[in-house]
Amino acid sequence: MKFVLGGNWKLQINTIEDTITTLRDMTSKFGTQQIDGVEIFLALPFTLLSLAKEELKGSTIQLAAQNVASTEKGAYTGEVSVESLVELDVEYVLVGHSERRIIFGEKGPELNKKMKLLLEHNLKPVYCVGETAQQRQSGLFDEVISQQLAEGFEGITEDALSEIIIAYEPVWAINNPELNPGIEIQAATPEQAIDAHKFIRSWFVTNYSDDAASRLIIQYGGSMKPSNAETLLSQSDINGGLIGGASLRSETLGPIVDIAVKLLS
Ligand code: PGA
């Protein structure tokens, strides 16, 4: 068994000073020793990756990016290339986070290009999927998730699956009022999360193989915090977390790391 815990800083920690303070605090508390079976990554804003690369030298915390351009290079104002992420020793890259899909209008075919580009450059995509509250209420869960998976994985071989993580993040559980107007945001119950993770894994059984599906890391994301991490992470189909708000401070990320360690022992 293995857990991958990913922190998604979004646009929440944005200065050099805050980044240094936060990373030093985190590395001193849970980033100095390799923990068997627990991988940790932090997805920082692009402009802080270079600094974080230096700060995380010698640490077990891995570096991640929140996005990447879908094209290698060219006249694409405002984009960030895969090549530059490789130079920054980035390990994981989020692809298709709901904030990218919904607020910035990123679509399946573009996300598929990003997945392939990352794999070509030996970076690991964290492919995010999730339904909105309205889609769930309308009984569209299966359809939405299947479509997101089919689009993202178009042309991706079974061999590549070991390099990819799936993050299931129900949009209604992501602590983002802009994505969830008028909705009371709360984490999925363990039952809701288990059902979704089983559905995702079965999609991989159907479209790849039993073996590939059973080895796939599927993170849960959406309001994961110390108070609910144990019930979520103790479910056999949940192999980690993609953590937003609770990843901004060692006081909240540390206890989640401790829970993962405890569950492995
Ligand atoms: P949250 O964000 O933990 O703040 O809900 C999770 C995410 O969007 O990745």
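Modeller: A salt bridge is a side-chain nitrogen of Lys or Arg within 4 Å of a carboxyl oxygen of Asp or Glu. The model is predicted: local features need pLDDT of at least 70, side-chain atom pairs count only at pLDDT 80 or more, and totals for chains, interfaces and linings use all residues. Residues are numbered from 1 along each chain as its sequence is written, and side-chain values use heavy atoms, with hydrogens and water left out.

Colleague: What makes the contact between the side chains of Lys 10 and Glu 99 a salt bridge?

Modeller: The N to O distance is 2.8 Å, which is within the 4 Å limit. The pair links distant parts of the chain, with Lys 10 in the loop between strand 1 and helix 1 and Glu 99 in helix 4 (residues 98-103), 89 residues apart; helices (H or I, at least four residues) and strands (E, at least two) are DSSP runs, numbered from the N terminus.

Colleague: How do you know whether Lys 10 is buried or exposed?

Modeller: Buried means under 20% relative accessible area, exposed over 50% and partly exposed in between, with a 1.4 Å probe and protein chains only. Lys 10 has a relative accessible area of 16%, so Lys 10 is buried, and Glu 99, at 13%, counts as buried as well.

Colleague: What is notable about the phi of Lys 10?

Modeller: Lys 10 has a positive phi of about 50° although it is not a glycine. Most residues other than glycine have a negative phi. Ser 223 also has a positive phi, of about 55°, and is not a glycine either; Ser 223 lies in the loop between strand 7 (217-221) and helix 10 (226-233) and, at a relative accessible area of 17%, is buried.

Colleague: Which residues are closest to the ligand?

Modeller: They are Lys 10, His 97, Glu 169, Asn 175 and Ser 223, out of 13 residues that surround the ligand, where a residue is near a molecule if one of its heavy atoms lies within 4 Å of it.

Colleague: What makes the approach of a ligand oxygen atom to the side chain of Lys 10 a polar contact?

Modeller: A polar contact is a pair of N or O atoms within 3.5 Å, and an oxygen atom of the ligand is 2.7 Å from an N or O atom in the side chain of Lys 10. For the side chain of Asn 8 the corresponding distance is 3.4 Å, while a polar backbone atom of Asn 175 is 2.8 Å from an oxygen atom of the ligand. Taken alone the ligand exposes 280 Å², of which the protein buries 97%.

Colleague: Why is strand 3 described as largely enclosed by the rest of the structure?

Modeller: Five of the five residues of strand 3 (residues 61-65) are buried, so the strand is largely enclosed by the rest of the structure. Ile 61, Leu 63 and Ala 65 point one way, and Gln 62 and Ala 64 the other way.

Colleague: How do you know which strands pair with strand 3?

Modeller: Two strands pair if DSSP finds at least two bridges between them. Strand 2 (residues 38-44) pairs with strand 3 in the parallel sense over five bridges, including the one between Leu 42 and Leu 63, and strand 4 (residues 92-95) pairs with strand 3 in the parallel sense over two bridges, with Tyr 92 as the bridge partner of Ala 64.

How values were computed:
Polar contact = N/O pair within 3.5 Å; in protein donor to acceptor, adjacent residues only side chain to side chain. Areas by Shrake-Rupley, 256 points an atom, 1.4 Å probe, with all protein chains shown as cover.
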